[in-house]
Amino acid sequence: MLGKNTVKLTSYSPLSAMILASVAFLSGGKDAAALTAGEVLENLSSEERFHYVSGVVEGLAFARWLADDRDDTGMQCIWDWYLGSDQRVRFNAQMDWFEQHPDQQVSTLMYALIREECGEQGSRE
């Protein structure tokens, strides 16, 4: 049931959507914060790492879809890259990337990998 306080995402920028998604994710625990690559490597099991990274990728894919005015080309590129390759090889490469940058947030590192593969907002590579 939608009330008068319902947020209409179409009126917000992609950055606002990412911030809103982050706030919603982080509000689950009072001490929650975005994890650095080092924290992911040190504190999460392999399965938890996979799910955490998958959530970050999903958020980045959705933000890309919004940024591209609902053209799914960029979003589909992200999903093809993330799900279409040998997942074990890709996951191990991501964990190696995290080891090289332990102080960076996972979302920043994943964005860099995605940008390398799929370009930036509005880019139809």
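Setting aside neighbours within four places in sequence, S54 is in contact with W79 and Y82. The model is a predicted one, and S54 makes a handy way into it. The residue is found in helix α3, and at 16% relative accessibility S54 falls under the 20% cut-off, so it counts as buried. With Y82, the link goes through the side chains: a polar contact of 2.7 Å joins S54 to Y82.

Y82 turns up again in the packing of helices. Helix α4, which spans residues 73-84, packs on α5 with the two axes 8 Å apart and an angle of about 100 degrees between them. Since 65 to 115 degrees is the window for roughly perpendicular, that is how α4 sits relative to α5. On the α4 side, the contact is made by W81, Y82 and L83, while α5 brings in Q87, R90 and Q94. Sorted by class, the residues in this contact of α4 with α5 come out as three nonpolar, two polar and one charged. Y82 of α4 is thus listed in the contact with α5 and also has its side chain joined to that of S54 by the polar contact.

Helix α5 (residues 87-100) has a contact with α3 (residues 46-67) too: their axes come within 12 Å and cross at roughly 90 degrees. That crossing makes α3 roughly perpendicular to α5. Here α3 supplies S46, R49, F50 and V53, and α5 supplies F91, Q94, M95 and F98. The class split for α3 with α5 is five nonpolar, two polar and one charged. Q94 is worth a second look, as it is named among the α5 residues that meet α3 and among those that meet α4.

Then there is the covalent side of things. The disulfide count comes to one, and the pair in question is C77 and C118, with an S to S distance of 2.1 Å. The torsion about the S-S bond of C77 and C118 is about -85 degrees, so this disulfide is left-handed. C77 lies in helix α4 and C118 in helix α6 (residues 106-118), so the bond ties together parts that are 41 residues apart in sequence. As for its surroundings, C118 has a relative accessible area of 2%, and therefore counts as buried.

Put side by side, α4 is the helix that packs roughly perpendicular to α5, holds C77 of the disulfide to α6 and includes Y82, a residue of the contact with α5.

Methods:
Residues are numbered from 1 along each chain as its sequence is written. This is a predicted model: local features need pLDDT of at least 70, side-chain atom pairs count only at pLDDT 80 or more; totals for chains, interfaces and linings use all residues. Side-chain values use heavy atoms; hydrogens and water are left out. Axes are lines fitted to C-alpha atoms, for helices over the stretch in contact, and angles run from 0 to 180 degrees between N-to-C directions. Helices (H or I, at least four residues) and strands (E, at least two) are DSSP runs, numbered from the N terminus. Angles under 35 degrees count as roughly parallel, over 145 as roughly antiparallel, 65 to 115 as roughly perpendicular and the rest as oblique. Contact means heavy atoms within 4.5 Å. Ala, Val, Leu, Ile, Met, Phe, Trp, Tyr, Cys and Pro count as nonpolar, Asp, Glu, Lys and Arg as charged, and the others, Gly among them, as polar. Buried means under 20% relative accessible area, exposed over 50%, partly exposed in between (1.4 Å probe, protein chains only). A polar contact is a pair of N or O atoms within 3.5 Å; within protein, one must be able to donate a hydrogen and the other to accept it, and residues adjacent in sequence count only if both atoms are side-chain atoms. A disulfide is a pair of cysteine sulfur atoms within 2.5 Å.
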